[in-house]
Amino acid sequence: SSRTESASKGESTKPDMPSKVLPIANAKGLEAMLQGGPTFVKFFAPWCGHCKKLAPTWIQLADKARQEGSNVTIAEVDCTEA
């Protein structure tokens with residue numbers, strides 16, 4: 001899929017992440033992800049307490065979406081790197 005291709009082209013900051021959350025490194029990567037179908041994006045800062053608290057839930061959401069064959073991509077943008 002185009003979402004996987006984007007990650008393999010270096011537009012992802014962490015392509016080997018163990019979770020099903022797809023990281024997006026830049027605007028080009030975000031645009032490509034959105035063109036690939038429905039996408040639910042979390043914009044976060046690694047130092048933010050609220051973001052840290054949401055992280056395990058976000059991973060669970062991504063894993064469940066993948067297991068159930070959802071066409072929605074669960075992604076994230078680290079706002080300190082984008």
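A residue counts as buried when its relative accessible area is under 20%, as exposed when that area is over 50%, and as partly exposed in between. Keep that scale in mind for Trp58, which is buried because its relative accessible area is 6%. The model you are looking at is a predicted one, and Trp58 is a good way into it.

Let us set out the overall plan before returning to that tryptophan. The protein chain has three helices and three strands, and from the N terminus on they follow the order α-β-α-β-α-β. Of the 82 residues in the protein chain, 33% are buried. Among contacts with a separation of 6 or more, 60% are between residues 24 or more positions apart.

The strands are a helpful frame for everything else. Strand 3 covers residues 73-78, and it runs parallel to strand 1, to which three bridges join it. Strand 2 also pairs with strand 3 in the parallel sense, over six bridges. You can check both pairings at single residues. Leu22, in strand 1, stands opposite Ala75 in strand 3. The C-alpha atoms of Leu22 and Ala75 are separated by 4.4 Å, although the two residues are 53 positions apart along the chain. Leu22 itself is partly exposed, because its relative accessible area is 21%. For strand 2, look at Phe40, whose bridge partner in strand 3 is Ile74.

How covered is strand 3? Six of its six residues are buried. The cover extends to both faces, with Thr73, Ala75 and Val77 buried on one side and Ile74, Glu76 and Asp78 buried on the other.

Now back to Trp58. A search of the whole structure turns up one aromatic pair. Its members are Phe40 and Trp58, whose ring centres lie 4.8 Å apart with the planes at 55°, so the pair is tilted. The angle settles that label, because planes under 30 degrees apart would count as stacked and those over 60 as edge-to-face. Phe40 belongs to strand 2 (residues 39-44) and Trp58 to helix 3 (residues 49-67), so the pair ties together parts that are 18 residues apart in sequence. The two partners differ in cover: Phe40 is partly exposed at 43% relative accessible area, whereas Trp58 is buried at 6%.

Trp58 is also one of the residues touched by Lys42, and that lysine deserves a stop of its own. Lys42 sits in strand 2 and is buried, with a relative accessible area of 7%. Leaving aside residues up to four places away in sequence, Lys42 touches Cys51, Leu54, Ala55, Trp58, Ala75, Glu76 and Val77. Lys42 also lies over the face of Phe44, at 4.9 Å from the ring centre.

What does the side chain of Lys42 meet in a salt bridge? The partner is Glu76, with a distance of 3.5 Å from N to O. This pair links distant parts of the chain, since Glu76 is in strand 3 and Lys42 in strand 2, 34 residues apart. Glu76 is buried too, at 9% relative accessible area, so both ends of this salt bridge are buried.

Side chains of opposite charge can pair when their charged atoms come close. The whole structure holds two salt bridges, and Lys64 with Glu68 makes one of them, at 3.1 Å from N to O. Here the setting is a contrast to the pair above: Lys64 is partly exposed at 49% relative accessibility, and Glu68 is exposed at 58%.

The cysteines make a final stop. How many disulfides does a search of the whole structure find? The number is zero. Cys48 is in no disulfide, and the nearest cysteine sulfur, that of Cys51, is 3.4 Å away. A disulfide needs the two sulfur atoms within 2.5 Å. Cys48 counts as buried because its relative accessibility is 17%. The sulfur of Cys79 has its closest cysteine sulfur in Cys51 as well, but the distance of 7.8 Å is too far for a bond. Cys79 is partly exposed, with a relative accessible area of 43%.

Note on methods. Residues are numbered from 1 along each chain as its sequence is written. This is a predicted model: local features need pLDDT of at least 70, side-chain atom pairs count only at pLDDT 80 or more; totals for chains, interfaces and linings use all residues. Side-chain values use heavy atoms; hydrogens and water are left out. Rings of Phe, Tyr and Trp (its six-membered ring) pair if their centres lie within 6.5 Å; planes under 30 degrees apart count as stacked, over 60 as edge-to-face and the rest as tilted. Helices (H or I, at least four residues) and strands (E, at least two) are DSSP runs, numbered from the N terminus. Buried means under 20% relative accessible area, exposed over 50%, partly exposed in between (1.4 Å probe, protein chains only). A charge sits over a ring if NZ of Lys or CZ of Arg is within 6 Å of the ring centre and within 35 degrees of the ring normal. Contact means heavy atoms within 4.5 Å. A salt bridge is a side-chain nitrogen of Lys or Arg within 4 Å of a carboxyl oxygen of Asp or Glu. Two strands pair if DSSP finds at least two bridges between them.
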